[in-house]
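Thank you all for coming; I would like to walk you through one structure this morning, moving from its overall make-up to its internal spaces and then to its core.

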Amino acid sequence: MTLIRVPQSWEISENQITPPEAYFNRRRFLKSLIGAGIGASLIPLNACQKSSSETALANSLKLPKLTAKTNPAFSQVDRPITEEMLAGKYNNFYEFGGTKNIWLKAQNLPTDPWKIEVTGLVKNPQTYDLDDLKKKFTLEERIYRFRCVEAWSMVLPWIGFPMKKLIEAVEPTNDAKFVRFTSFYDPEITAGPSFHLGSLPWPYQEGLRIEEMANDLAFFALGLYGHDLPKQHGAPVRMVIPWKYGFKGAKSIVKVEFVQQKPATYWNTLVPNEYGFEANVNPNKPHPRWSQATEKFISVGPGLSWEIKETLPFNGYGEYVKDLYS
Ligand SMILES: Nc1nc2c(c(=O)[nH]1)N[C@H]1C(S)=C(S)[C@@H](COP(=O)(O)O)O[C@H]1N2
Ligand SMILES: [Mo]
């Protein structure tokens with residue numbers, strides 16, 4: 001499959017964490033501004049690029065408050081919560097480019113108004129806007145471990161609701177076996193230049209077995225760090241599946257479809273031997289190009305550094321999900 005050539009430029013970012021100097025250096029910073037179409041007005045500010053970048057980052061995280069009671073079952077893990085300024089500038093959101101520092105480009109994501117269509121094999125199809133979601137579902141906070149397939153990890157305080165509540169609301173029929181989740185996609189807005197070249201399988205889609213979606217851990221996040229979800233993290237609503245690799249958690253969800261057959265998913269379509277449909281975190285199953293036995297835990301900012309930690313089966317959530325895979 002010729003598409004396998006396409007990922008070469010991002011093999012680097014998968015294997016290696018970019019040092020912060022690299023993504024705050026002058027050239028890249030200017031390039032990212034130009035990419036976002038606002039370079040010209042900021043170029044005279046050479047002298048304070050780093051601080052204006054920090055300010056822009058802080059602004060991208062300055063969002064309306066969204067608070068909810070912390071679910072006592074998920075109120076802490078054995079690691080500190082990752083600092084917000086660090087999580088907010090180290091993202092994967094390929095619609096905006098293949099590097100980690102897409103936070104600025106992601107600010108182009110239009111999130112208001114937003115609709116999420118829930119459809120397919122259900123008795124009660126629904127279209128929700130964001131207010132509907134906030135009103136119809138009881139929000140809670142959950143502190144979850146987060147593990148990317150590239151072997152970096154964080155701990156993030158999400159605000160949202162369990163996916164099983166959505167299942168209850170729409171009542172899937174007996175034929176519904178899988179669920180397909182679709183991310184926002186508009187090539188005018190989202191595609192970074194290199195991503196126009198190959199025929200990539202946009203929009204980004206992910207899938208779960210319906211039993212996985214019904215597991216208590218599976219979560220829709222509308223917020224993070226006590227406020228609305230930042231655009232770089234997949235505003236205004238994204239999936240969080242803490243026992244699976246991060247790529248299973250599609251961002252900026254516009255559609256949820258209950259279906260009979262296993263849906264095709266983005267990374268699995270692109271590189272099937274590297275990114276399986278199930279993608280449970282598993283220290284004993286190496287990725288074809290690197291080990292998954294350990295991970296780089298990113299917690300303290302503002303500079304990027306990490307601690308090497310052992311990876312846990314199911315990312316530490318085995319007690320909740322073991323029955324799904326017996
Ligand atoms: N739509 C969309 N969702 C996505 C991705 C993406 O590129 N596009 N990347 C995935 C990957 S690989 C990871 S690790 C997480 C990163 O989430 P974060 O940037 O909020 O930490 O988002 C996932 N969801
Ligand atoms: Mo990832």
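**Fold, cavities and core**

The protein has 11 helices and 12 strands, where helices (H or I, at least four residues) and strands (E, at least two) are DSSP runs numbered from the N terminus. Please keep in mind that this is a predicted model, in which local features need pLDDT of at least 70, side-chain atom pairs count only at pLDDT 80 or more, and totals for chains, interfaces and linings use all residues. Residues are numbered from 1 along each chain as its sequence is written, chains are lettered from A and ligands numbered from 1 in the order in which they are written, and side-chain values use heavy atoms, with hydrogens and water left out.

Of the 326 residues, 55% count as buried, meaning under 20% relative accessible area with a 1.4 Å probe, protein chains only. Among contacts (heavy atoms within 4.5 Å) with a separation of 6 or more, 74% are between residues 24 or more positions apart.

Let me turn to the cavities. On a 1 Å grid over the protein atoms alone, a cavity is a set of points where a 1.4 Å probe fits but cannot get out, and its lining residues have an atom within 4 Å of a point; grid points are joined across faces, edges and corners, and a volume is the space filled by probe spheres set on the points. There are 3 cavities of 30 Å³ or more, and the largest holds about 350 Å³. Its lining has 26 residues, of which Asn-92, Phe-146, Gly-246, Phe-247 and Lys-251 are the closest to the centre. By class, this lining divides into 15 nonpolar, 6 polar and 5 charged residues, where Ala, Val, Leu, Ile, Met, Phe, Trp, Tyr, Cys and Pro count as nonpolar, Asp, Glu, Lys and Arg as charged, and the others, Gly among them, as polar.

The second largest cavity holds about 60 Å³, and the residues lining it include Phe-146 and Gly-246. Strand β3 (140–147) gives the most to this lining, with 3 residues.

Which residues have the most contacts inside the largest nonpolar core? In this core of 84 residues they are Trp-158, Leu-166, Phe-181, Met-213, Phe-220, Val-256 and Phe-258, a nonpolar core being a set of buried Ala, Val, Leu, Ile, Met, Phe, Trp, Tyr and Cys residues joined through side-chain atoms within 4.5 Å. The largest share of this core, 7 residues, comes from β4. Leaving aside residues up to four places away in sequence, Trp-158 touches residues including Tyr-144, Phe-146, Phe-219 and Val-240.

Methods:
Buried means under 20% relative accessible area, exposed over 50%, partly exposed in between (1.4 Å probe, protein chains only). On a 1 Å grid over the protein atoms alone, a cavity is a set of points where a 1.4 Å probe fits but cannot get out, and a pocket is an open set with protein on both sides within 12 Å along at least five of seven lines; lining residues have an atom within 4 Å of a point.
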